[in-house]
Amino acid sequence: MNQSKTYYITTPIYYPSDNLHIGHAYTTVAADCLARFKRMQGYDVFYLTGTDEHGQKIEKVARENNKDPKSYVDAIVANIKELWKTMLITNNDFIRTTEPRHEKVVQTLFQKVYDKGDIYLSKYEGWYCTPCETFFTERQLVDGKCPDCGREVELLQEESYFFKMGKYAPRLLEHIEAHPDFIQPESRRNEVINFIKSGLEDLCVSRTTFQWGVPVPMNQKHVVYVWFDALVNYLSAIGYLDNPEQFNRYWPADVHLMAKDILRFHAIIWPTLLMAMDLPLPKKVFAHGWIMLEGGKMSKSKGNVIDPRVLVDKYGVDAIRYYLVKELNYGQDGFYSEEALVNRINFDLANDLGNLISRTAAMIIRYFDGQIPAPGQAAAVDEELKQAASRAYEEATRQLDRLDFNAYINGVMRLVGRANKYIDETEPWVLAKDPQQHQRLATVMYNLAECIRIAVIMLTPTMPTLAQRVNEQIKFWEDVSALTWEEAGQWGLVRTGTPVQKGEVLFPRIDMKKEDTAVNESVNQEKPAVAEKTEEKKENEYITIDDFARMDLRVAEVISCEKMPKADKLLVLRLKVGDSERTVVSGIAQYYQPEDLIGKKVVLVANLKPTKLRGTLSEGMILAASDDERVEVLMVHSEIPSGSRVK
Ligand code: ME8
């Protein structure tokens with residue numbers, strides 16, 4: 001433990017114009033995952049989130065709801081705080097920009113930059129987009145509309161204070177060049193560099209057209225521009241004015257996390273403001289992608305949002321957090337669908353993780369009276385498993401540190417898959433039949449328990465209640481709140497004699513069809529505890545995703561096809577699979593004429609062991625559906641090229 005190491009992480013402060021959706025939940029859960037990971041590593045973490053409550057947009061929506069802005073946002077902020085509680089978010093503080101502790105800092109810093117000569121009064125004319133709270137030049141408009149959201153803009157002229165942002169452009173570029181980690185991912189960093197190089201104008205930092213904001217200290221006709229106001233939250237919340245000791249402990253922030261929509265505010269405006277304020281810059285600004293819906297980006301103003309509360313009620317907080325953390329590939333957008341969510345729960349959590357735990361627990365109960373046995377000598381396959389665990393630990397640590405959440409989850413789940421495969425390889429139910437193999441069986445059980453322990457620790461930042469729920473079956477830990485990350489990096493910490501008992505199904509499978517009718521209870525009862533069944537039966541019932549992935553299914557184009565001489569049932573197909581060709585013999589001659597198939601794209605099992613049929617080598621098999629009367633070859637009807645994977 002090294003409490004002298006601090007870690008300060010922030011999310012954007014969200015607009016409380018409406019309740020939040022799973023896009024906001026994504027950022028907040030991802031940041032929470034990092035905060036928990038760092039705490040498990042022994043860091044003194046400060047995790048900040050909050051709400052951005054000023055500005056014309058809020059003022060307008062409050063008016064539409066016949067409320068004054070403050071009472072309008074109060075109700076929504078209460079919901080947001082409740083949501084973060086439900087999602088087990090461990091923020092250390094929640095900052096609201098309407099709090100006096102914040103407004104004071106905004107005014108102090110505005111004054112400071114003004115006194116320094118970096119803020120001056122002038123006139124502004126430009127095209128203003130109210131939903132985006134942004135001015136644009138004529139040149140920036142797209143078809144006369146807002147280049148960001150596509151809505152109407154209005155021409156406004158106002159007296160404004162300006163911040164000499166342009167002056168800091170060279171220093172900012174230098175900083176970005178000298179600190180490759182400052183803006184991540186890499187592609188976003190390049191975008192920001194290009195944007196700065198195309199020229200930075202001075203920034204308008206006050207408004208006179210509405211009242212709902214922090215008054216400019218030297219001129220009460222103006223309110224401070226909402227982004228100046230908002231960005232300062234990262235300083236005010238940790239005590240810039242009130243608590244210098246705490247402020248100095250945590251500033252500069254380690255990570256500002258957000259989506260790409262607001263990267264420029266954080267990677268250009270914010271650092272130049274900090275330079276003018278004579279404060280050090282944050283160590284990293286990280287922009288993840290967007291969660292999209294079929295119709296485009298999910299957003300409050302478009303009204304096409306998914307409420308995380310509903311999902312948590314339906315599927316449980318750990319499962320939703322798992323889905324979110326895994327969902328977006330590094331820096332990329334991803335699509336939300338309930339089906340994908342249910343698939344994650346069924347494949348990753350119920351099948352892979354849940355089954356690994358319930359199978360192992362059931363076997364330890366059955367073969368070792370519910371106590372984890374002492375391991376014996378390690379065989380090669382044991383060493384391999386052990387190495388997979390240590391690799392997974394190294395990788396997960398590295399991936400979390402670089403904020404590649406998806407790669408971190410995938411790595412841990414690969415270890416889970418590896419452990420499931422280890423069961424198949426070692427066949428404990430066969431070992432159990434032979435008393436000579438009792439020691440070997442003990443080793444296998446110990447190693448499985450060890451893998452579970454390691455995987456559960458590594459999943460804990462994402463699924464905070466998992467360890468407790470696993471502990472009810474396999475009592476690995478005295479105190480699950482004291483788990484450290486390092487424990488996942490050590491093999492052999494499972495205590496011999498650890499009690500194991502049967503517990504509830506950790507992740508019940510979800511029947512999507514039933515789910516549509518929202519009969520939750522019955523779904524959970526439908527597939528009872530798999531642990532109740534015998535190991536051998538289960539072997540036949542499920543395959544893991546890894547088993548499925550072993551099948552190499554490919555789109556193949558039929559380039560020629562003929563009847564096999566003297567064989568009524570066989571066709572000989574010549575297939576093009578990407579850049580290669582191969583021959584497949586198929587028993588479909590009674591259902592297809594060769595010309596029906598030529599030029600068509602079929603689905604080939606490409607890694608089936610080649611076999612000779614009537615003297616012709618058949619290199620694979622094509623897929624077909626059949627009942628008693630019909631056979632229908634599966635075909636691909638789009639432009640998808642031959643050689644593409646089917647999965
Ligand atoms: O921009 N996918 O607030 P905001 C992924 N108040 N993330 C999403 C998302 C989506 N579809 N939709 C929203 C503001 N987010 C300002 C911030 S900070 C000083 C001021 C997340 O309520 C993502 O983190 O519009 C995005 O950057 C943020 O919510 C925008 O939240």
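Leu-575 stands opposite Arg-582 in β19. I start with that pair and work outwards through its sheet neighbours, then turn to a buried helix, the ligand site and the overall figures. Keep in mind that this is a predicted model.

The strand facing β19 here is β18, residues 571-577, and seven antiparallel bridges link β18 with β19, residues 580-586. The two strands make a hairpin, with two residues separating them. In that turn, Gly-578 has a positive phi of about 65°. On β18 there is also pairing with β17, residues 553-563, again antiparallel, this time over six bridges. One residue pair from that set is Ser-560 with Arg-574 of β18 as its bridge partner. In general, strands of a sheet pair through backbone hydrogen bonds, in a parallel or an antiparallel sense.

Is β18 largely enclosed or left open by the rest of the structure? Five of its seven residues are buried, so β18 is largely enclosed.

Next, a smaller piece of sheet. Three strands form an open sheet in the order β9-β11-β10, and the pairing is antiparallel. The edge positions belong to β9, residues 206-207, and β10, residues 215-216; each has a single partner strand, so one side of each has no neighbour in the sheet. Between β9 and β11, residues 219-224, there are two bridges, and the strands run antiparallel. Arg-207 is found opposite Val-223 of β11.

Now a helix. How many of the eleven residues of α12 are buried? The count is eleven of the eleven in α12, residues 317-327, so the helix is largely enclosed by the rest of the structure. The buried residues of α12 include charged side chains as well as nonpolar ones: among them are Asp-318, Arg-321, Lys-326 and Glu-327, along with Val-317, Ile-320 and Leu-324.

On to the ligand. Around the ligand there are 26 residues, and the closest are Ile-13, Thr-27, Asp-52, Asp-261 and Ile-291. By class, the shell splits into 14 nonpolar, eight polar and four charged residues.

Which residues make polar contacts with the ligand? I will give three. Asp-52 places a polar side-chain atom 2.7 Å from a ligand nitrogen. Tyr-15 has a backbone N or O atom 3.0 Å from an oxygen of the ligand. Gly-23 has a polar backbone atom 3.2 Å from a nitrogen atom of the ligand. As for cover, on its own the ligand has 680 Å² of accessible area, and the protein covers 96% of that. Elements giving two or more residues to the shell are β1 (6-14), α1 (22-40), α7 (226-231), α8 (233-236) and β12 (255-259).

Last, the whole chain. The protein has 647 residues, and 54% of them count as buried. There are 23 helices and 26 strands. Along the principal axes, the C-alpha atoms fill a box of roughly 95 × 65 × 50 Å. The accessible surface is about 28,900 Å², with 49% of it on carbon and sulfur atoms. Taking contacts between residues at least 6 apart in sequence, 74% join residues that are at least 24 apart.

To go back to the opening pair: Leu-575 faces Arg-582 in β19, and β18 is joined to β19 by seven bridges and to β17 by six.

Methods: Residues numbered from 1 in each chain as written. Predicted model: local features only at pLDDT ≥ 70, side-chain atom pairs only at ≥ 80, totals over all residues. Heavy atoms only, no water. Near = heavy atom within 4 Å. Polar contact = N/O pair within 3.5 Å; in protein donor to acceptor, adjacent residues only side chain to side chain. Areas by Shrake-Rupley, 256 points an atom, 1.4 Å probe, with all protein chains shown as cover. Helix = DSSP H or I, 4+ residues; strand = E, 2+ residues; numbered from the N terminus. Pairing = 2+ DSSP bridges. Buried < 20%, exposed > 50% of the residue type's maximum accessible area, 1.4 Å probe, protein only. Contact = heavy atoms within 4.5 Å.
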